[in-house]
Amino acid sequence: MTQAVMIFAAGFGTRMGELTRDRPKPMIPVAGKMLIDHAIDLAAEAGITRVVANTHYLADQLHSHLAPKGVLISHEDPDILDTGGGLRAALPLLDTETVFTLNPDVLWLGPNPLTLLRTAWDPDQMDGLLMCVPLGRTHGRQGAGDFGIDETGHVIRGGDLVYGGAQILKTQGLKDIPQAAFSLNLLWDQMNAAGRLHLASYPGAWCDVGTPQGIPLAEALLENGHV
């Protein structure tokens with residue numbers, strides 16, 4: 001089983017407004033801890049020993065913070081590569097064909113999602129396993145869900161399951177995508193067409209911390225011990 005995780009930390013954080021004018025979004029504190037440190041702690045708790053983060057916007061701040069923690073840096077310059085291109089660029093540092101990934105701008109209020117993914121992973125049947133949260137257990141989410149399951153058990157777009165920002169993936173399909181910068185949605189579509197994209201349902205609560213409004217919401221949930 002893979003022992004490597006990619007943390008997506010290169011984005012501009014535009015939804016955060018003034019909060020990201022002078023610092024990258026992953027370095028915004030929530031409950032006294034930077035968002036990226038919440039993600040790093042999830043990896044450590046799950047026993048994952050190799051952590052890679054991609055950087056682009058205000059990267060020097062992230063480099064100074066992450067280097068003492070032993071996090072490997074995949075810096076994207078001159079252009080940002082989106083999630084798919086960023087993951088592909090980081091593969092030499094990840095040093096494995098099956099990886100976990102984490103979005104740092106969410107909080108998981110319950111079991112460690114990486115541990116749950118590892119338990120549910122079946123490489124004989126799966127190329128990708130996405131940790132999703134039923135809409136009723138999300139906080140700060142705007143809009144509908146991302147995925148559902150049809151009557152045949154096939155993954156469909158739309159529905160009441162929100163992709164939570166944690167997954168485990170085989171990365172071989174990345175080489176077949178010609179664009180330099182692209183979303184992991186393209187890889188998911190490849191996997192789904194082959195019947196090898198699967199969803200796991202998170203049993204706890206989850207909070208979107210991608211906007212300023214999400215910060216006090218997440219802190220209140222943590223203070224109340226919400227799971």
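Is L58 buried, partly exposed or exposed? Select L58 to begin: this residue is partly exposed, with a relative accessible area of 29%, where buried means under 20% relative accessible area, exposed over 50%, and partly exposed in between, for a 1.4 Å probe and protein chains only. L58 is not a glycine, although its phi is positive at about 50 degrees, and it is found in the loop between β4 (50–55) and α2 (59–66); helices (H or I, at least four residues) and strands (E, at least two) are DSSP runs numbered from the N terminus.

Before going on, note that this is a predicted model, in which local features need pLDDT of at least 70 and side-chain atom pairs count only at pLDDT 80 or more, while totals for chains, interfaces and linings use all residues. Residues are numbered from 1 along each chain as its sequence is written, and side-chain values use heavy atoms, with hydrogens and water left out.

Next, select A31, another residue other than glycine with a positive phi, here near 55 degrees. A31 sits in the loop between β2 (29–30) and β3 (33–34), and it is partly exposed, with a relative accessible area of 46%.

Now show D77 and P78, which are joined by a cis peptide bond with omega about 5 degrees; P78 belongs to the loop between β5 (72–75) and α3 (82–94).

Move to helix α2 and pick H65, which is buried, with a relative accessible area of 17%. The side chains of H65 and D37 are joined by a polar contact of 2.9 Å, a polar contact being a pair of N or O atoms within 3.5 Å, of which, within protein, one must be able to donate a hydrogen and the other to accept it, with residues adjacent in sequence counting only if both atoms are side-chain atoms. When neighbours within four places in sequence are left aside, H65 is in contact with M27, M34, I36 and D37, contact meaning heavy atoms within 4.5 Å.

The aromatic rings come next. A search of the whole structure finds four aromatic pairs; rings of Phe, Tyr and Trp (its six-membered ring) pair if their centres lie within 6.5 Å, and planes under 30 degrees apart count as stacked, over 60 as edge-to-face and the rest as tilted. One of them is the tilted pair of F12 and Y57, 5.6 Å centre to centre with 55 degrees between the planes. This pair links distant parts of the chain, 45 residues apart, with F12 in the loop between β1 (4–8) and β2 and Y57 in the loop between β4 and α2. F12 is partly exposed, with a relative accessible area of 40%, whereas Y57 is buried, at 18%.

Then select F147 and W188, an edge-to-face pair with 5.8 Å centre to centre and 65 degrees between the planes. F147 lies in strand β10 (residues 147–149) and W188 in helix α5 (residues 185–193), so the pair ties together parts that are 41 residues apart in sequence. Both F147 and W188 are buried, and they form one aromatic cluster with Y163.

Finally, display the open sheet of three strands, in the order β7-β14-β9 with mixed pairing; two strands pair if DSSP finds at least two bridges between them. β7 (106–109) and β9 (138–139) stand at the edges with a single partner strand each, so one side of each is left without a neighbour in the sheet. β9 pairs with β14 (residues 205–208) in the parallel sense over two bridges, and T138 stands opposite W206 in β14.
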